[in-house]
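Me: I am new to this structure. Please walk me through it in short questions and answers.

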Amino acid sequence: MSWLPTPSPAEPPVVLDVPATSPPPSRRRRRVLAVLLAVALLVGLGVVVAARVIGRDPDDCDRRARDSAARAAADAGPSDAPGVVVIGDSYSVGAGLADRSLSWPARLAALPARVHVAGYSGSGFEPGALDCTDVSYPDRAPGAVAGRPDAVVVVQGGLNDWDQPETEVAAGLRRTAQALQGHRVVLVGPPHVDVPEIDAEVPRLDALLRRLAGEVGWRYLPMTAVDLDFVDRLHPDVAGHTRFGDRVARGIADLVGAAP
């Protein structure tokens, strides 16, 4: 016996306007939740990929090369001051700043020092950190110090190696050290950032780079205690660059003959 009343002859049967293929509400909710989860994962992946600043095509690598060349052309400090060469990543180039000449190496000019920046956004000690050719630190180090035999060298980086094998990072750093033999070198470690996936690796990277610096005879300058503000959760704003650069300046002052 049906629970629906039998319609009278004068009344049309009751027809429920629900498509036969519509899933029940619980199934629809599960689908919505699955879509939202997928979107969240894609957004998170996008942040990490953007943070890595990976070069995926020749045009991207060309843009990075132009930014690198522009920053390298903006040497700062008195021409007769002791030379300082900075080998770095997007922090040294000033990624995210309207005026890239304000990136942290500019703060070293007041030591005084004549500062040359050899930076390349997205690069690291391990070539796999970036899909551009011959831009890792060991690849760029010889050219960075060419014609500057007496320069103090500041090697700044580590963040772009956050997901690379430690053995490969170590091999890249040792190759960099070979290219910089004869120079006084200070290794500047990674700071904390607002990208959780990368920031979780900073203590490990800091410990790894500190140990490797000791092995190759470099001074190590940790940056984990430096409080930075960011333009995009990863790259410092002008105030962040100022604090970063001032910390480095204090850490190398004795090497360029300046008062600390």
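Me: What share of the 260 residues in the chain is buried?
Reply: This is a predicted model, so the values are computed from it. A residue counts as buried when its relative accessible area is under 20%. Of the 260 residues in the chain, the buried part is 45%.

Me: How many helices and strands does the chain have?
Reply: From the N terminus on, the elements run α-α-β-α-β-α-β-α-β-α-α-β-α. The secondary structure comes to eight helices and five strands.

Me: Among contacts with a separation of 6 or more, what part comes from residues 24 or more positions apart?
Reply: Take the contacts in the chain with a separation of 6 or more. Residues 24 or more positions apart account for 78%.

Me: Which residues of the largest nonpolar core touch the most other members?
Reply: The core has 35 residues. β1, β2, β3, β4, α7 and α8 each supply at least two of them. The members with the most contacts to other members are Val 84, Leu 108, Leu 111 and Val 248.

Me: Which element gives the most to this core?
Reply: Several elements supply at least two residues each, among them β1 and α7. The top contributor gives four residues, and it is α8.

Me: Which residues is Leu 108 in contact with, leaving aside its neighbours within four places in sequence?
Reply: Leu 108 is one of the core members that touch the most others. Its contacts include Val 84, Val 86, Ala 113 and Val 115. Also on the list are Gly 245, Val 248, Ala 249 and Ile 252.

Me: What span should helix α8 have at 1.5 Å a residue?
Reply: α8 covers residues 238–252, which is 15 residues. Its end C-alpha atoms are 21 Å apart. That agrees with the expected span, 21 Å.

Me: Why do the buried residues of α8 lie on the same side?
Reply: The buried residues are Gly 240, His 241, Phe 244, Gly 245, Val 248, Ala 249, Gly 251 and Ile 252. An α-helix has 3.6 residues a turn, so residues three or four places apart point the same way. The buried residues of α8 lie on the same side because they cover an arc of only 165°.

Me: What covers the buried residues of α8?
Reply: The cover includes one helix, α3 (90–93). It also includes the strands β1 (83–88), β3 (152–156), β4 (185–188) and β5 (219–221).

Me: Which residue caps the N-terminal end of α8?
Reply: Look for a side-chain oxygen and the backbone nitrogen of Ala 239. The two atoms lie 3.2 Å apart. The oxygen belongs to Asp 237.

Me: Which cysteines does the disulfide join?
Reply: The structure holds one disulfide. Its S to S distance is 2.0 Å, and the pair is Cys 61 and Cys 132.

Me: How many residues apart are Cys 61 and Cys 132?
Reply: Cys 61 is in helix α2 (residues 58–72). Cys 132 is in the loop between β2 and α4. The pair links distant parts of the chain, and the separation is 71 residues.

Me: Is Cys 61 buried or exposed?
Reply: The cut-off for buried is under 20% relative accessible area. The value for Cys 61 is 13%, so Cys 61 counts as buried.

Me: Is Ser 68 buried or exposed?
Reply: Ser 68 lies in helix α2. Leaving out residues up to four places away in sequence, Ser 68 touches Gly 119 and Tyr 120. Its relative accessibility is 14%, so Ser 68 counts as buried.

Me: How far apart in space are Ser 68 and Asp 89, C-alpha to C-alpha?
Reply: In sequence, Ser 68 and Asp 89 are 21 residues apart. In space, the distance from C-alpha to C-alpha is 9.3 Å.

Me: What is the relative accessible area of Thr 176?
Reply: Thr 176 is found in helix α5. Thr 176 touches Phe 125, Tyr 137, Pro 138, Ala 141 and Trp 218, not counting residues up to four places away in sequence. Thr 176 is buried, with a relative accessible area of 0%.

Me: Which exposed residues sit on the face of α5 turned away from its buried side?
Reply: The buried residues of α5 are Val 169, Ala 170, Gly 172, Leu 173, Thr 176 and Ala 177. They cover an arc of only 160° around the axis, so they are on the same side of α5. Their cover includes α4, β4 and α7. The face turned away carries Thr 167 and Gln 178.

Key:
Residues numbered from 1 in each chain as written. Predicted model: local features only at pLDDT ≥ 70, side-chain atom pairs only at ≥ 80, totals over all residues. Heavy atoms only, no water. Expected span 1.5 Å × (residues − 1). Buried < 20%, exposed > 50% of the residue type's maximum accessible area, 1.4 Å probe, protein only. Arc of directions from axis to C-beta. Contact = heavy atoms within 4.5 Å. Polar contact = N/O pair within 3.5 Å; in protein donor to acceptor, adjacent residues only side chain to side chain. Disulfide = S-S within 2.5 Å. Core = buried A, V, L, I, M, F, W, Y, C linked by side-chain atoms within 4.5 Å.
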